[in-house]
Amino acid sequence: MDEERQHAYLTLINALLTCPSGEEGQILQDNAELVDAGLLETMAQVAEAFADRGDENAAQFLIGMANQLGEFLGLSDSTATPEAQLRFLMQVLQATSYSDGNPQVVYPLLQENLHLLDDNFAQILYDWGTAKLAEVEAEPAQAIAATIGNFSNLIQQFPLGSQATNLEIAITGYEVILTIFTRENHSETWATLQNNLGNAYSDRIRGERAQNIENAIASYQAALQVRTREAFLATGLRESIGLWTKSVFLRITYANKIRNNNSSISARRKAQKYRI
């Protein structure tokens, strides 16, 4: 995209943001030569910048208009293009942020856009998330990471679409934000994320079952480095000790059982292979 056209896109976007309500259609009609995929991509970028500055109204306005134009241009209806998926990522993250992770707000949005939830969406989440978290200051990075974490929790439990894909997206989200919420600077949040990641790997459909179980065990054990009995006692949360540790240890016991069963099956197969 050349600089002149980029400037034209920005000028058009500014006109849409500052015009009296109801005149947007005429402005778009007067600038029909600029209404294309490049405009939608620029709208998404500008909306992201507004969201970073806390101007949620402007960000939501641009995302909504970009989605409508995308449908008009045939770019965001049944076609899961990277541009459409990036726009949807911005939209669903903002909905997650606005609603504080309310499934009654986010789930209808996911249901309307099931065709955009695929493996490429997980990759877009990874690429955008890692780049964005690396370029912003600590405070906005934590806010963005918290939103990604809430979205990951929601899509992990989302009952529609491909459960395998939903889990891949959730795992990607958790792994991205673990670069922000580390054990050293956010130990409690880090432990919660490790627990959620362990749940996702325990339920994961893709990949080798044995490796998924190993990953789940590693995550649960990492969480228990922080969520110790002593730590709970020190903070006065006695009533939570039994429930939390029982839940985690049951999952670890289950995971170890599967791991041992897999080892036994493998040994039996080797024995059968060499049996005369």
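**Close-up views of salt bridges and a helix pair**

**View 1. Asp119 and Arg206 form a salt bridge, with their closest N and O atoms 2.9 Å apart.** Welcome to this predicted model; our tour opens with a link between distant stretches of sequence. Asp119 sits in helix α7 (residues 119-135), while Arg206 belongs to the loop between α10 and α11 (209-224), so this pair ties together parts that lie 87 residues apart in sequence. Are the two partners covered to a similar degree? Asp119 is partly exposed, with a relative accessible area of 42%. Arg206 is partly exposed as well, at 29%. As a general background, side chains of opposite charge can pair when their charged atoms come close.

**View 2. Within helix α7, Glu135 and Lys132 are separated by about one helical turn.** The two residues form a salt bridge, and their closest N and O atoms are 2.9 Å apart. They stand three residues apart in the helix. Look at how each one meets its surroundings: Glu135 is exposed, with a relative accessible area of 55%, whereas Lys132 is buried, with a value of 4%.

**View 3. Glu168 reaches Arg204 in another salt bridge.** Here the closest N and O atoms are 2.7 Å apart. Glu168 lies in helix α9 and Arg204 in the loop between α10 and α11, so the pair ties together parts that are 36 residues apart in sequence. Is Glu168 buried or exposed? Glu168 is buried, with a relative accessible area of 14%. In total, the structure holds four salt bridges, among them the Glu168 and Arg204 pair shown here.

**View 4. Helix α9 (residues 163-177) packs with helix α10 (residues 187-203).** The angle between them is about 155°, and their axes are 10 Å apart. That angle makes α9 roughly antiparallel to α10. As α9 passes α10, the crossing is left-handed.

**View 5. Residues from both helices make the contact between α9 and α10.** Which residues of α9 take part? They are Leu167, Ile171, Tyr174, Glu175 and Ile177. From α10 come Leu193, Asn196, Leu197, Ala200, Tyr201 and Asp203. Sorted by class, this contact has eight nonpolar residues, one polar residue and two charged residues.

Technical notes
Residues numbered from 1 in each chain as written. Predicted model: local features only at pLDDT ≥ 70, side-chain atom pairs only at ≥ 80, totals over all residues. Heavy atoms only, no water. Axes fitted to C-alpha atoms, helices over the stretch in contact; angles between N-to-C directions. Helix = DSSP H or I, 4+ residues; strand = E, 2+ residues; numbered from the N terminus. Parallel < 35°, antiparallel > 145°, perpendicular 65-115°, else oblique. Left-handed = near helix turned anticlockwise from the far one by under 90°. Contact = heavy atoms within 4.5 Å. Nonpolar A, V, L, I, M, F, W, Y, C, P; charged D, E, K, R; others polar. Salt bridge = Lys/Arg side-chain N within 4 Å of Asp/Glu carboxyl O. Buried < 20%, exposed > 50% of the residue type's maximum accessible area, 1.4 Å probe, protein only.
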